[in-house]
Amino acid sequence: MDIVTAQEMYERDRVAMEAAGLDGKMLMENAGRAVAYDFLRHIQKEHKIVVLIGAGNNGGDGFVIARTLLNLGYDVEAWQVVPDAKTTGDAEAHKRIFQASGHPYRLLKSSEDLNTSLCRADVCIDAMLGIGVKGRLREPYADIVRLCNERSIVRLAVDLPSGVPADEGEEDFEAFQAHYTSIIEAPKQSAFLQHTQPYYGEWSVVEIGLPPKQLPDHRRRLWGRADVERTLPGREAHSHKGSHGKGLVIGGSRLMPGSVAMTARAALRSGAGLIAVSTDSEAIPAISPYVQEATFVEGENGGRVPDLGGYDGIAVGMGLGRNSMQETVVERLVREKETPLLVDADGLYLLKGFLGELKNREVPTVLTPHPGEFAHLTGLSIQEILRAPFSYSKEFAEKHGVYLVLKGPSTIITGPDGEQRVDVSGNAGLAKGGSGDVLSGILLSMMMQTEHVMDALSNGCFLHGSTADLLVQDGHSKVDLLASDVIEGLSRTFRTFSS
Ligand SMILES: NC(=O)C1=CN([C@@H]2O[C@H](COP(=O)(O)OP(=O)(O)OC[C@H]3O[C@@H](n4cnc5c(N)ncnc54)[C@H](OP(=O)(O)O)[C@@H]3O)[C@@H](O)[C@H]2O)[C@@H](O)CC1
Ligand SMILES: Nc1ncnc2c1ncn2[C@@H]1O[C@H](COP(=O)(O)OP(=O)(O)O)[C@@H](O)[C@H]1O
Ligand SMILES: [K+]
């Protein structure tokens, strides 16, 4: 499913009209009806419903929604919150259809009148502003949004909660606090950002009849279960351990043996054929009982970088430490040009001095920072990154020729050509030390078994997050979940794909 900016959404509507002959009124009818039927899951016949209608096309959708619900026998009051002269075009046309169907609407004169209605209502549908919002809410919208947010009432939003910007980059806003948002056609960037996503509540997307084959490809999409089913590598009856990748994991130290142990075990649990670990010799006794299937390797004079020949993928950085000796390890790996490389955790800190060399690597380089690590790599603040993660990821990945996995509740995966995928699986049970180490192991394994790196990374993120989701539905809570539980839970997730 594509993720769009407001501009891209307008472009899609234009293409639908020009290339497929759909007209704006038709799209509005489709949108309003699809949203109304989507809302039925959240409303009951005995509910009193208030529909708030703004001046633009979002308001036009509101007239269609109110008419559809009235036709179905629901108790609906439609409130147009702006003067009649403000509604024009398709929205005005649908207002006429609404009236011609025998339905009256109320015009907002003062917010007290509306408040009386809201006091009696069980459900409030926000069809005031959608992707056309610019800047902070003006009156009367700001006042109405405050009234709605204060009331204990079910709040449903059409396309976007009014006031929430569609695009990333905007921080100064006030908005309708929805319990549920029915998004029209394609999720907007703000559905995935830490500061805007909470206004949406739960959400889903309704289809309104745009012609998929004619639409521009903005190369930014939500990665879901169906995509994983389509691209997840299988296991041939005649495969052998060499068919599934020989990986090297470099990291861990005397005081941090667990990280690299979890990476190695997660890689094996995700199907890697062979895993070798290069770590501090003092850490080996702690690691080997936990991953008996792994072998241990070392470089000359007990060094961290062994002979790198023969591996299908290398992951470096988990629990590695950050001194100058380890910096040399990262430097050597960056200059090694034959093996796909994943860099995480301490490796990312040490990588900063060698960013300029990444472009020279001839095989994929994958960086897996959380926002703090990405801030270190870019010199931006965490807040700046969270405000516009799509653009900063794209800029960085294109500039350095890397695959970037920017982790968080919505993980953004960006390719060196700027393509982006978003994974929203996972839950706050993963907000615990070690989750990232497990993800690195899964990603290393997927990279070695999948030709297409973007698929490998997207699938790996999905497997990690959806395992955590399965575990908290059954057997665990978000409080007790451990990173090592996610490793053992992978078997359940893989079984859902093979059955
Ligand atoms: N064919 C299509 O495109 C389809 C579109 N669809 C629907 O249309 C929606 C987009 O419609 P849209 O472009 O009319 O914008 P919309 O969100 O209604 O807002 C515009 C109004 O907001 C006002 N306004 C702006 N900022 C403001 C502020 N800060 N504070 C207060 N007011 C503010 C602005 O006023 P102005 O600045 O012009 O005075 C103008 O009156 C989209 O989200 C989807 O629901 C579907 O029907 C499917 C087909
Ligand atoms: N609240 C959350 N919801 C969903 N996923 C989360 C949440 N918090 C963390 N995660 C996921 O858990 C992992 C944490 O990685 P990271 O921050 O590197 O952890 P650590 O370094 O402690 O191992 C990432 O994959 C991230 O997407
Ligand atoms: K809205």
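Me: How many residues surround ligand 1?
Reply: This is a predicted model, so local features need pLDDT of at least 70, side-chain atom pairs count only at pLDDT 80 or more, and totals for chains, interfaces and linings use all residues. Residues are numbered from 1 along each chain as its sequence is written, while chains are lettered from A and ligands numbered from 1 in the order in which they are written. A residue is near a molecule if its C-beta atom, placed from the backbone, lies within 6 Å of it. The closest to ligand 1 are Ala55, Gly56, Asn57, Gly130 and Gly132, and the full count is 29.

Me: Which helix gives the most to the shell around ligand 1?
Reply: Helices here are DSSP runs (H or I, at least four residues), and strands are too (E, at least two), numbered from the N terminus. α1 (6–20), α2 (24–39) and α3 (57–71) each supply at least two residues. The top giver, with five residues, is α3.

Me: And which element has the largest share around ligand 2?
Reply: Ligand 2 has 19 residues around it, Gly426 and Leu430 being among the closest. Two or more residues come from each of α16 (435–449) and α17 (453–473). The largest share, four residues, belongs to α16.

Me: What do the buried residues of α15 pack against?
Reply: Buried means 20 or more other C-beta atoms, placed from the backbone, within 10 Å of the residue's own. In α15 that includes Pro389, Phe390 and Tyr392. Contact means C-beta atoms, placed from the backbone, within 7 Å. The partners are α13 (371–378), α14 (382–387), β15 (403–406), β16 (411–414) and β17 (420–423).

Notes
Buried ≥ 20, exposed ≤ 12 C-beta atoms within 10 Å, placed from the backbone. Contact = placed C-beta atoms within 7 Å.
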